[in-house]
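Biologist: Could you take me slowly through a single part of this model, the places where metal is held, and explain the reasoning as you go?

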Amino acid sequence: MTTPQGRPELPKTYDPTTVEGPTYQRWLDHGYFRADPAADRPRFSMALPPPNVTGSLHIGHALDHTYQDYLARMHRMRGFEVLWLPGMDHAGIATQNVVERELAKEGKTRFDLGREAFVERVWAWKAESGGRILGQMQRLGDSVDWSRERFTMDEGLSRAVREVFVSLYEQGLLYRGRRIINWCPRCLTALSDIEVEHEEVPGELALLRYPLADGSGSIRVATSRAETMLGDTAVAVHPDDPRYRDLVGKTARLPLVDRLIPIVADAAVDREFGTGAVKVTPAHDPNDWEIAQRHNLPAVDILTEEAVVNAEGGRFEGLDRYAARREVKAALAELGLLERVTEAPHSVGHCYRCRTEVEPRLSLQWFVATRPLADKAMETVRSGQTRFEPVRYEKTFFGWMEQIRDWCVSRQLWWGHRIPAWYCPDGHVTVARQDPSGCAECGAGELAQDEDVLDTWFSSGLWPFSTLGWPGQTDDLKTFYPTSVLVTGYDIIFFWVARMLMFGCHFQPPAPFEVVAIHGMVRDAQGKKMSKSFGNVIDPIELMDRYGTDALRFALIRGANPGSDVPMAEEWVEGARNFANKLWNLGRFILSIEAATSAPTDRGTPPGFPGPLRPDPTEPSPSLALADRWLLSRLEETREAVTAAYDGFDPAEAARLLHGFAWSELADWAVELAKPRLAAGGEDAERAGATLAYALEVTVALLHPVMPFVTEELARALTGVETITLGPWPAERPGDVDPQAEAGMADLQEAIVALRRFRAEHRVPTASRPRLVVVAADDDQAALFRAEADSLRRLARLETVEVGSAPPVPTAKLLAGRAELYLPLEGLLDLDEERARLDRELAALDVERTRAEAKLANPAFVEKAPANVVAKARERLAEVDQALAKVRAQRVELSGAGR
Ligand SMILES: [Zn+2]
Ligand SMILES: [Zn+2]
């Protein structure tokens, strides 16, 4: 067998392992993914959400990247200049933890190494073990521009971070202040509000009594954290609370530490909570801190950074916060000052990295004043300059932005962007773009840089423009900004999307991106979250090994309904692998046709797919066979719907349409219909083959964004092109839409399905060839069946097909849409025996039905049996009813026979 025009022959089966690696390498070698800002083309750009340098590809990435890749590839094929920019995030806490764990194995801490050596060690770790995910992205087929790969701590991005920090400081949008922040006593760092996960825990409410200093009585306060009383500096009541009116201005004696504390009136006190009097612990509660500001109260910090009681706690010093809680209650009880303790579950914040209970802690931190930035970001979304897909996520975004608080951006870590602030011995602060040689205020040369680094999200918030060379006004920035689409899961709208919008709208208006396309989370087949503890985690690498990359990608995209969670199961990947094989076999079939015809048609693929054997567009289409007209019509409708779905951020719908078309209409119907024509040879055979080939080429091109490897290989073999990554996208051919051909084909298909069903149900031997008489509904239909008699004959295994009126001999009568089909029974099946068989079947089903009905009519059963047993019985009854209806219909088909 030779292949026409020297194209490569397709091996018998599709083997992803031999195709994927070399194909990706070829794409890289040709530079197909490299973007050129000077290109004279519409542009399409995306910044890949930078995975953590510590990360490896999980199933969530696989979805996220496939989604972006479909957008990148589709636009590239449609003639856009596409930039999809990759990179990684330095991932402050996560990376520092990894290296600290490594050190722990050597019996060391980061303090043994010191800051400089530790940071060097992290860079070494990054060079050695970081970025494993980049190789995995290549396996996934990501069509990113590797020549523009960035890292949030590379030189350029560090410069952008510094520029933003200093500008915000100069604009009064960034400040250093003593505030209560969320503190992780294990990671020893501040956390922003969104890095804290709130969880209901079984807690308590302790009722304490503080004696009044003048001995005239006492005041009672309720608290869930008794140990914090060691840091109380006041008791507060509501100014309008009649119960306490006389106590305001008096002094209480704080037990255990023997401190005199005032009783103050503050409108922020909730009269309904506890006794209506609240203890005020400014150093350990954000609300108390605010009360303290209003009343000039001191703050007494009683905990170390590890959340252990310090010297301020007197005899409780050295106890951790939980032990201190027990001991303080015991000591108060001994003094008769603990009235009671009741159980009271309440919500407590946990560190999102290590699950340790977060401690509110008073400390000096850097904050971004977010309100003005958030307002700008909201305005950008409101005005439509940036829109969310699906739009319902805008509500989520607004909800968050409306209640945003100042963002604590300093972290007590060593791995990250060090804060560009210096302090002189007099405490003046110098914030500068270049490392300063002297204090900006007093000129003192002795400066110490702030020890802290910036929140990781500070640098990733700049990602869409810092990666394009900002603050430089580069060609990349001018050409590819604002980026076209940002693709991400709904879980990081707050963490990340909001920050990018705030920074992007402020520093590089109008907006960092035009569209935010939100997808869901990958879950298991039952919709359950994937987690190690459930044992339902799916490893994308294993699936790619087993079924090929295209199969994984197709299965993910097929489930990715807009904005909704994506169910995933191995068998669906297996199904997608079968789909890839189906396409492969189609390709082989087409090539075998071309090899068999002596003069292969010249089907080079000039832009826009002019199509096969359509040399003269004025040629009236009815001169084509019905099967060809129908296939071209369905192909054009599919092309249009698939393109619209891709454009509408609904790749799941595109995948569904393409699967349906390729599998059922192209592979099953069109190929079956073409086989007899191909066997007959001649011009009609060529026409049939060329139409099939064209349909497959278009299908392959439309599928390329989702299944890039198998489609590239098929396209190369079918058409001899070097690649289809650069297009063309199948052109519009509205003239191919042919409702008449589709209606005719529907009639024909209905007849074939009805005849096949009849043969199967009545067990007609495969070898027997009945003679069919069709009674058509009208003249048009009669003409159709006459014209397509040969197809019908072959596909339904008939001896002859006659269009006319009902024959007088014993027949079975089948209904197929508007047509009636008559099959003379002689020699086809033993009528009496077949009738008897159906009657026996009917009788058996009747018995079962009576029994099932009686069971369900019995109240003893319905009320006492477990609900699932009753439900099953009902289901069974419904099944029996269905079976009865079906067999009765079969019986009717035979009842008219023999008239
Ligand atoms: Zn932690
Ligand atoms: Zn100074």
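Modeller: Four donors count as tetrahedral if all angles lie between 85 and 135 degrees, and with that cut-off in hand we can turn to this structure, which is a predicted model. Around the zinc ion (ligand 1), the 4 donor atoms subtend angles of 103 to 116 degrees, and therefore the arrangement is tetrahedral. For comparison, the ideal angle for four tetrahedral donors is 109.5 degrees. The protein donors of the zinc ion (ligand 1) are the SG atoms of Cys184, Cys187, Cys351 and Cys354, which lie 2.2 to 2.4 Å from the ion. Along the sequence these donor residues follow the spacing C-x2-C-x163-C-x2-C, and two of them, Cys184 and Cys187, are both buried.

The zinc ion (ligand 2) can be read in the same careful way. Its protein donors are Cys424 (SG), His428 (ND1), Cys439 (SG) and Cys442 (SG), at 2.2 to 2.4 Å from the ion, so that a histidine nitrogen takes part here beside the cysteine sulfurs. The angles among the 4 donor atoms of the zinc ion (ligand 2) run from 104 to 118 degrees, and this site is tetrahedral. Along the chain, the donors of the zinc ion (ligand 2) are spaced C-x3-H-x10-C-x2-C. If we then ask how accessible these donors are, Cys439 has a relative accessible area of 5%, and because buried means under 20%, Cys439 is buried. Cys442, on the other hand, has a relative accessible area of 38% and is therefore partly exposed.

Definitions and conventions:
Residues numbered from 1 in each chain as written. Chains lettered and ligands numbered in written order. Predicted model: local features only at pLDDT ≥ 70, side-chain atom pairs only at ≥ 80, totals over all residues. Heavy atoms only, no water. Donors = N, O, S within 2.8 Å, 3.2 Å for Na, K, Ca; no water. Tetrahedral: all angles 85-135°; square planar, octahedral: opposite > 155°, others 65-115°. Buried < 20%, exposed > 50% of the residue type's maximum accessible area, 1.4 Å probe, protein only.
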